[in-house]
Amino acid sequence: MAYTVNKTDGSVFASVGDGAVDTTSSLTLIGRNKTNYGELIAENFIHQLENFAHTTAPSSPLTGQIWFNKTDSTLRIYNGSDFERTSAIEVKSTAISTNLTEGTMYFDTRDDELKVYANSAFKSAVIPGGTITDTYTGNVMSGSSSIYGAKLDTLFLKTTGSKIVPVIALKYYSNGSDNPGHNNYGDGNSSIMALFSDHATFALDSTDPHYAEITSASGIGGGGANIKSGITLRKDYSNDPNSRSDTASLANIAYAVDLTDPAPVATAAGRIAGKDLFRNNTNVVPDTDGAYTVGLTGTRFSYAYLDALNVGPGGSTGSGIYANGTAVDIGTSSARFNNAYFNNIDVSGDVVFGAGSQNIGSSVAPAENLFAANATLSGAVIVSATPSASTHATNKTYVDSEITSATSATNVVRTTGTQASIAGAKTFTSLLTGSSGVSDGTATMSSGALSGVTTVSASGQISGGSLTDGSATLTSGALSGATTGSFSGLVAAGSITSGATIVASGNVTGNYFVGTATQAQYADLAEIYKADKEYAPGTVVKIGGAEEITQTTEAFDNEVFGVISENPAYLMNSEAEGLPVALTGRVKVKVIGKLAKGERLVSADMEGFAWGIGSDEYDPRAVIGRSLEDKADGESGMVEAVIGVK
């Protein structure tokens with residue numbers, strides 16, 4: 001009966017009859033009852049062990065069959081049409097991450113480098129010399145180039161005598177819009193920036209592939225065909241040491257400095273003396289006094305940086321402008337400087353202004369202080385604000401109208417002195433204004449308006465329709481009958497009685513406040529407790545730690561105590577040292593994870609945080625409160641919650 005031989009995929013490969021053999025493949029398939037079958041089986045095993053080692057490929061190979069090529073000692077595998085090397089390296093832009101062993105390799109297309117896996121990491125197998133990469137593809141900072149980098153290459157240049165000369169080329173690569181390479185030799189847009197040669201100067205043959213770039217107007221060596229010994233830079237670079245080797249832009253010692261361009265001048269007429277332009281560690285001193293000019297009328301230096309400028313014959317040295325020997329003018333009456341800025345001006349003579357209106361300072365930038373032994377003013381003196389104790393003229397008091405009667409109904413008193421003194425009782429229906437104070441130890445003052453004073457002090461009663469000052473301090477036995485009292489300073493009184501409104505942006509101090517509270521700005525009741533360290537508002541705390549409270553550290557902690565409050569509506573034990581702990585009410589709470597409005601909160605396994613328990617069973621002692629809002633993400637954050645409910 002014939003054998004049917006199947007492949008791995010289940011398809012029929014061959015049918016071998018009794019006593020027959022099949023040589024359709026590289027192995028001999030043996031039929032039932034074949035004589036001398038043992039030798040054929042042994043040969044099959046040997047061929048498999050040696051992977052059909054031979055100088056020629058095995059006949060009738062199957063896809064996946066392995067062959068050892070003895071000609072080049074390579075192991076190859078049949079791909080269905082040809083035996084390809086098993087050592088073929090993967091070409092990809094990301095590193096191999098599976099089945100890694102020491103020596104695993106792949107070719108990285110991002111930087112055109114062979115990478116080898118060694119010591120738990122891929123390392124470059126490329127000999128150092130530069131990198132060309134596509135990492136910056138689409139990056140606007142590189143001009144969106146996909147070829148970017150620099151390399152050192154060896155160029156084999158052909159001389160006019162057909163001699164091949166190796167040189168080192170420093171190349172810049174870029175095919176982006178930002179400084180793209182000047183030429184393309186099949187290796188991306190590149191520019192030869194410099195050549196390094198250890199050969200004597202030689203001329204490049206016109207058949208050399210680099211001839212066009214090297215001999216271009218902006219090419220190597222300034223457009224010539226000669227390659228010089230040492231370094232030869234592109235014409236673009238102004239500091240080319242070869243093309244500029246005949247002149248010096250900066251020298252410590254020079255016999256002559258050639259100012260012509262581009263070719264040197266051999267005659268003395270084309271040079272200036274080296275002593276006129278040089279740099280060393282000594283002063284530059286002319287050989288004749290007063291015989292040299294720095295700059296010309298039509299050709300000036302842009303800037304001059306000097307530690308000191310000494311004008312005139314002889315003189316001292318130092319930091320500043322010195323008038324040596326004779327008087328020196330700065331500007332003239334017909335050619336003035338536009339602006340001069342000084343910290344101090346010390347004048348021993350007169351300051352004389354030219355014709356027209358002259359200002360010292362301006363309305364938006366007045367002079368801070370003016371000290372004068374005598375001041376004569378021909379124009380008007382305008383005071384822009386009511387004089388005060390710190391700004392009024394010495395020994396001057398400005399009085400609009402003098403108080404002549406104790407019962408005057410319309411008197412108005414203004415003072416810039418230290419005090420407006422009132423003896424006995426005075427009644428004003430108009431304005432009473434003082435910059436330093438209005439004071440009487442026993443006065444009873446009744447006025448339509450009290451404004452502009454720093455201090456009003458009376459042991460009697462102060463009564464008025466309006467008591468207003470943004471900075472006043474009132475100290476009195478009684479303050480009553482005010483329609484409006486508005487102060488940013490201190491209001492201290494034995495009693496404050498008014499049916500209207502008293503507004504204070506500063507402090508109102510008293511022993512007791514009797515009345516009905518209608519509202520509070522914030523929404524929680526808190527008390528001060530000592531903490532083992534400073535905690536941020538919203539931190540979940542419990543009793544414990546080195547002091548009275550500490551933050552929670554585990555989930556479902558039934559020792560939970562409260563939440564650090566940011567702005568308590570009512571703070572108990574407020575003078576104590578510690579942190580405010582909200583015991584009930586609405587506060588912000590630090591949470592982790594998603595939440596639904598109304599969900600119960602317990603301590604989380606993150607220090608000082610809470611999380612929701614959903615529909616899980618819980619110990620009521622572990623509940624902090626309930627969330628008042630939804631939280632859709634699983635990150636940490638803050639939610640508003642009501643504390644103290646279960």
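In the predicted model, strand E5 (residues 66-69) pairs with strand E6 in the antiparallel sense over four bridges. Within this pairing, Asn-69 has Thr-74 of E6 as its bridge partner. The two strands form a hairpin with four residues between them, and in this hairpin Ser-73 takes a positive phi near 55 degrees. Strand E6 also pairs with strand E7 (residues 83-85), again in the antiparallel sense, over three bridges, and here Arg-76 stands opposite Arg-85 in E7. A hairpin with four residues between the strands is likewise formed by E6 and E7, and Gly-80 in its turn has a positive phi of about 105 degrees.

In a regular strand the side chains alternate between the two faces of the sheet. Strand E6 (residues 74-78) shows such an alternation: the side chains of Thr-74, Arg-76 and Tyr-78 point to one face and are buried, whereas those of Leu-75 and Ile-77 point to the other face and are not buried. Thr-74, the bridge partner of Asn-69, and Arg-76, which stands opposite Arg-85, thus both belong to the buried face of E6.

An open sheet is formed by four strands in the order E8-E9-E10-E11, with mixed pairing. Its edge strands are E8 (90-92) and E11 (121-124), each of which pairs on one side only. Neighbouring strands of this sheet are turned against each other by 35 degrees on average, with direction ignored. Strand E8 and strand E9 (residues 105-108) run parallel and are joined by three bridges, and Val-91 stands opposite Phe-107 in E9.

Most residues other than glycine have a negative phi. Two asparagines depart from this sign. Asn-36, which is not a glycine, has a positive phi of about 55 degrees and lies in the loop between strand E4 (29-30) and helix H1 (37-49). With a relative accessible area of 61%, above the cut-off of 50%, Asn-36 is therefore classed as exposed. For Asn-573, phi is near 60 degrees, also a positive value in a residue other than glycine; this residue is found in the loop between strand E41 (570-572) and strand E42 (579-592). Because its relative accessible area is 44%, Asn-573 is assigned to the partly exposed class, which lies between the limits of 20% and 50%.

Val-645 is placed in the segment after strand E46 (636-643), and it counts as partly exposed because its relative accessibility is 31%. Its C-alpha lies 7.9 Å from that of Val-623, although the two residues are 22 apart in sequence. When neighbours within four places in sequence are left aside, Val-645 is in contact with Val-623, Ile-624, Gly-625 and Arg-626.

The largest pocket holds about 2,100 Å³ of space. Of the 33 residues that line this pocket, Ile-330, Ala-340, Phe-342, Ile-345 and Val-347 are the closest to its centre. The elements that give two or more residues to the lining are strand E22 (308-311) and strand E23 (320-323), and E23 gives the most, with three residues. By residue class, the lining of the largest pocket divides into 19 nonpolar, 10 polar and four charged residues.

Key: Residues numbered from 1 in each chain as written. Predicted model: local features only at pLDDT ≥ 70, side-chain atom pairs only at ≥ 80, totals over all residues. Heavy atoms only, no water. Pairing = 2+ DSSP bridges. Axes fitted to C-alpha atoms, helices over the stretch in contact; angles between N-to-C directions. Buried < 20%, exposed > 50% of the residue type's maximum accessible area, 1.4 Å probe, protein only. Contact = heavy atoms within 4.5 Å. 1 Å grid on protein atoms, 1.4 Å probe; cavity = no way out; pocket = protein on both sides within 12 Å on 5 of 7 lines; lining within 4 Å. Points joined across faces, edges and corners; volume = space filled by probe spheres on them. Nonpolar A, V, L, I, M, F, W, Y, C, P; charged D, E, K, R; others polar.
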